Every structure is written in structure tokens, then in C-alpha cells.
Amino acid sequence: MTTTSSTTASSILPSELEDLVALFDVRGTDDPTPDADREAALQAPKFGTVFSDHMARITWRQADGWLDRRIEKYGPLQLDPAAAVLHYAQEIFEGMKAYRHDDGSVWTFRPEANAARFARSAHRLALPALSIDDFVGSVAALVRTDVDWVPSGEDSSLYLRPFMFASETFLGVRPAAEVEYLVIASPVGPYFAGGVRPVSIWVDEDYHRSGPGGTGDAKCGGNYAASLLPQLLAQEKGCDQVCFLDATTNTHLEELGGMNVFVVMADGSVHTPELTGSILEGVTRSSILQLVGDRGRDVVERRIPLAEIVQGLADGTVREIFACGTAAVVTPVGRLAGSTFDHAVAGGEPGELTMDIRHELTDVQYGRAADRHGWMRRLA
Ligand code: COI
């Protein structure tokens, strides 16, 4: 099990990538989506509803290790009703994107960081470790096979979803001896309906997505399942997203249902909840910390009391709030509400620094700006 932090995972060289991709046997579909249908699907895809023609797959058996690296036709999986994942939720996933640059080439962002986090999530969920090489190789092999599915255009990309689950037919409670790893791909536009616009956040004081020693820093489906009811309640309060507080004191900001959160102060400093073990170590989060620091601003990872932010919105010391993640990129927050407060953020408009950081990050991802930190990997 690797202990590499997502911010320090070492990079794979282009020449090494060729060898990793070659390990995958491409069993192409004999029924590809017609060009015209694919082009139509790429026009304005709703997040996570359209999928490319193929998927990457590797099978794990306790006795044999990882077997049968392949690219196969996208389609339903055959799963026994007693498959362990359906009962005990032994499952993890990642979120990444492939970006088409103006010259037609296709790139991804910091894949080794996602691979390292996937290995940490696997360790926490008692799943087998997949090597960084197999993780990156599978993503590259799928994107090369389905390269025509990578959209071009502002805010469009091919969203990549690597995941791993316990496939063993067994109802006893122990780590599964049979596991499947797959990568699927979905052309996407902006995550939130209505495009890039300020979203409203409800701060939940009744539910938590994770507690000390729990699975909060692992990217496992269970964390997201736990966020669904509070998310529904937030929507009933008229908000787009829920924000969770820490489970110990119920007073400090943690994260949203599937995004990290940042606060911009009037003195120019930028703050985000520190990694306590119950917060996901976002790849976008760590990249933003770097980009904000590059601007000479103070970046502070700390425990952030909700009361301080509520007061700061009232007295003007809090200027902007934004959410971030692979899917959400950098999304401005225009309103923060809870049981005892309801404040506009940045007058309900996209914050200036928020949008600057969003553009700086996406300019690197779409090849419009120099990749000063060596974050981009060419896939095709
Ligand atoms: C991502 O940002 O890629 C995620 O996995 C979060 C999910 C809300 C889509």
C-alpha cells in the first residue's frame, strides 16, 4: 500500500505510458455509436448521463492478483445478487477529466495524484492496491480507444470515473477475495445545471458525512450515500448544496456533499478546512492552494469555525466563498444559509478571485496557459 500523498505522487513519463497502455488488450465493440449520434451526444451533455463506447477493466482474484487488463464494450455488468458490494458497500472511486486542446491533442490533469488517492482509499476499504501504473495505464488506454468522445469547447471534457468494487458472491462480512476495477467515460459540460453560476449552500447542523476514524478521507460510495438525505433537505430549504460540519464539535466547516470549500477574506488571505482525516484531500483543492500561494497570497489550512464565517459575512471580513472539485472545477458560492442565518456572499455574484482562480486552473487544463507545475499528461 502506497502512502504517497496526492500532492507528491511521482510522475509517469510519456515513454513509460506507452508500455502501460500496451498491457491492455483492446476488444473493440462491433456496434460503435454512429458518428452523427456521437456528435449529437457531445453537444450539450447533462453531467453523467451519456457514456462512451468502451470501458477499461481489470479483474482481481486473491490467489492470482490483477488479471486480464482489457478494454471492452461499455455495457451492463453481470453481478450475482449476493455480490458483497451490494450488501456491505466495499467500493471506491475517483473523478478525473480528459481535456481536448485547440490542436486536437487530449490531456489529463495530475493522474498520479488520483492514482495515489485511489490506493489510499483502497487501503481504508480493505480492497487490493492497484498500482499507479495500472491506474494511469487504464485511463490512457480507454481515452485512446474512445478519443472521438472527448468534446471540444468551453467547459467541456470527457469525465473519467475509475472505480473498484467487491464482486465476490459471499454474504459473510470480510474483505472480498474477488474484485473488479473499471474505468468508464462520460462527455460532460458544467456540473451544475445552468452553467457556471453562484450556488447556494445550506449548512447542516444535524447530520455528518463522517466522523473521527471514519471513511471521510477515502473516496468511497458510502460517504456520498450518507450525504444524500442532507442534500435533499438542503434542497427543501431552497439551496443547491449541503455543507457539513465536523462531527466532534458540530462547529467547524468540513466540506460539501462532493466538493471542498474555500473562503476568501477581506485581507486577501484564502482559507480552507485543514485535513483532519474526515475531509477528502481533493486534487483540485491542493492545486488551488498552490495557485493561490503562487500569487503571493496567504493560504491557510485550518479549522474554520462556522460562527466566524457567519460573522464575517455580516461584517464584510469574508469576501468570497467557493467550492471546488474535479466535477465542479471552481464554483462560486452566492449564498450561505443555516438554521439561524442567511447571507448573500459577494453580493450573490461570482467572486473576483474565485473566477480568476477558475480561469487560471482551466487555462492550464485546456492548454491555454503554460503548465508551470508539470501537472498535465498527454493521453492522445
Ligand atoms: C468529482 O468531483 O469528480 C467527484 O467525484 C464528486 C462528485 C460530486 C461528482
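Here are three short exercises, with worked solutions, on the ligand site and the domains of this predicted model.

**Exercise 1.** Into which domains is the protein divided, and how many residues of each are in contact with the other?

*Solution.* Start with the division of the protein: domain 1 covers 14-190 and domain 2 covers 199-365. Next, take the spacing between them: the C-alpha centres of domain 1 and domain 2 are 28 Å apart. Finally, turn to the interface, where 21 residues of domain 1 contact 21 residues of domain 2.

**Exercise 2.** Find where the ligand sits, and work out which residues surround it.

*Solution.* Begin with the location: the ligand occupies the largest pocket. Now go around the ligand and list its neighbours: Phe93, Gly95, Tyr159, Arg161, Tyr191, Lys219, Gly258, Gly325, Thr326 and Ala327. Then sort this shell by class, which gives four nonpolar, four polar and two charged residues. As a last step, bring back the domains: domain 1 (14-190) and domain 2 (199-365) each supply at least three residues of the shell.

**Exercise 3.** Which side chains place a polar atom beside an oxygen atom of the ligand, and what share of the ligand's exposed area does the protein bury?

*Solution.* Take the side chains in turn. Tyr159 has a polar side-chain atom 2.5 Å from a ligand oxygen. For Lys219, a polar side-chain atom lies 2.8 Å from an oxygen atom of the ligand. Now add the backbone: at Ala327, a backbone N or O atom is 2.8 Å from a ligand oxygen. To finish, consider the area: the ligand taken alone exposes 280 Å², and the protein buries 90% of that.

Note on methods. Residues numbered from 1 in each chain as written. Predicted model: local features only at pLDDT ≥ 70, side-chain atom pairs only at ≥ 80, totals over all residues. Heavy atoms only, no water. Near = heavy atom within 4 Å. Polar contact = N/O pair within 3.5 Å; in protein donor to acceptor, adjacent residues only side chain to side chain. Areas by Shrake-Rupley, 256 points an atom, 1.4 Å probe, with all protein chains shown as cover. 1 Å grid on protein atoms, 1.4 Å probe; cavity = no way out; pocket = protein on both sides within 12 Å on 5 of 7 lines; lining within 4 Å. Sits in = over half its atoms within 2 Å of the grid points. Nonpolar A, V, L, I, M, F, W, Y, C, P; charged D, E, K, R; others polar. Domains from an automatic or database assignment. Contact = heavy atoms within 4.5 Å.
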